Amino acid sequence: MAREDDVWLDEAAGPLVRPYAMTRGRTRPTSPELDMVTQVVTARRGTTDRSGLSVEHLDILELCKRPLSIAEVASYLDVPLVVGKVLVGDLIERGDLIAGSASSRTAEMPNRKLLQAVLDGVRRL
């Protein structure tokens, strides 16, 4: 019988919980539009019932108090990207996270002509 102070962590190998255990065997997110640059943030009016959430889900909610990409979430949790997508998808489905497209940020990026003009200006200095 395992004691409560037994640690399920091998410092060399990392956590002893396999990624598929974190996702309960799921390999695809429920929201197919999620990609690695999709921005997610904790919903202000998310569900307050935290029962049924794993430690990783709770960590994501804490991390996403400011907007993060799914790739960043997976990196902070030290899990594969697909695991991050599945866990984030769970929280979006519950209404605890809001997803936004990163493409709206790329629309705000300066165009090529402007960047070339800046580069030309820097070269003249």
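**Order of elements.** I read the predicted model along its sequence and noted the pattern β-β-α-β-α-β-α-α-β-α-α, which comes to six helices and five strands. Of the 125 residues in the chain, 28% are buried. I also looked up the contacts between residues at least 6 apart in sequence, and 73% of them join residues at least 24 apart. The exposed surface of the chain is about 9,300 Å², with carbon and sulfur atoms supplying 55% of it.

**Sheet.** I then traced the strand pairing and found an open sheet of three strands, ordered β4-β3-β5, with antiparallel pairing. Its edge strands are β4 (68-69) and β5 (97-100), each of which pairs on one side only. Between β3 (residues 39-42) and β5 I noted four bridges, and in one entry T42 has L97 of β5 as its bridge partner.

**Core.** Next I turned to the largest nonpolar core, which has 18 residues, and listed V40, I60, V73, V88 and L97 as those with the most contacts inside it. Helices α2 (55-63), α3 (70-77) and α4 (81-94) each supply at least two residues of this core. I followed V40 further: leaving out residues up to four places away in sequence, V40 touches a list of residues that includes C64, P67, L68, V73, V88, L97 and A99. As a general note, nonpolar side chains in soluble globular proteins tend to be buried together.

**A lysine without a partner.** Which side chain of opposite charge is nearest to K85? I found D35 at 6.9 Å, and K85, although buried, has no salt bridge. A salt bridge needs nitrogen and oxygen within 4 Å, so I entered K85 as unpaired. K85 sits in helix α4 and, beyond its neighbours within four places in sequence, is in contact with P29, L34, D35, M36 and I70.

**Salt bridges.** I counted three salt bridges in the structure. One joins the side chains of D90 and R26 at 2.6 Å, N to O; because D90 lies in helix α4 and R26 in the loop between α1 (19-22) and β3, the pair ties together parts that are 64 residues apart in sequence. D90 is buried at 13% relative accessibility, whereas R26 is partly exposed at 29%.

Another salt bridge joins D96 and R94 at 2.7 Å, N to O; D96 is buried at 1% relative accessibility, while R94 is partly exposed at 28%. I also recorded K65 with E62 at 3.1 Å, N to O, where K65 is exposed with a relative accessible area of 58%.

Methods
Residues are numbered from 1 along each chain as its sequence is written. This is a predicted model: local features need pLDDT of at least 70, side-chain atom pairs count only at pLDDT 80 or more; totals for chains, interfaces and linings use all residues. Side-chain values use heavy atoms; hydrogens and water are left out. Buried means under 20% relative accessible area, exposed over 50%, partly exposed in between (1.4 Å probe, protein chains only). Contact means heavy atoms within 4.5 Å. Accessible areas come from the Shrake-Rupley method with a 1.4 Å probe; for residues, only the protein chains shown count as cover. Two strands pair if DSSP finds at least two bridges between them. A nonpolar core is a set of buried Ala, Val, Leu, Ile, Met, Phe, Trp, Tyr and Cys residues joined through side-chain atoms within 4.5 Å. Lys and Arg count as positive and Asp and Glu as negative; His and the chain ends are not counted.
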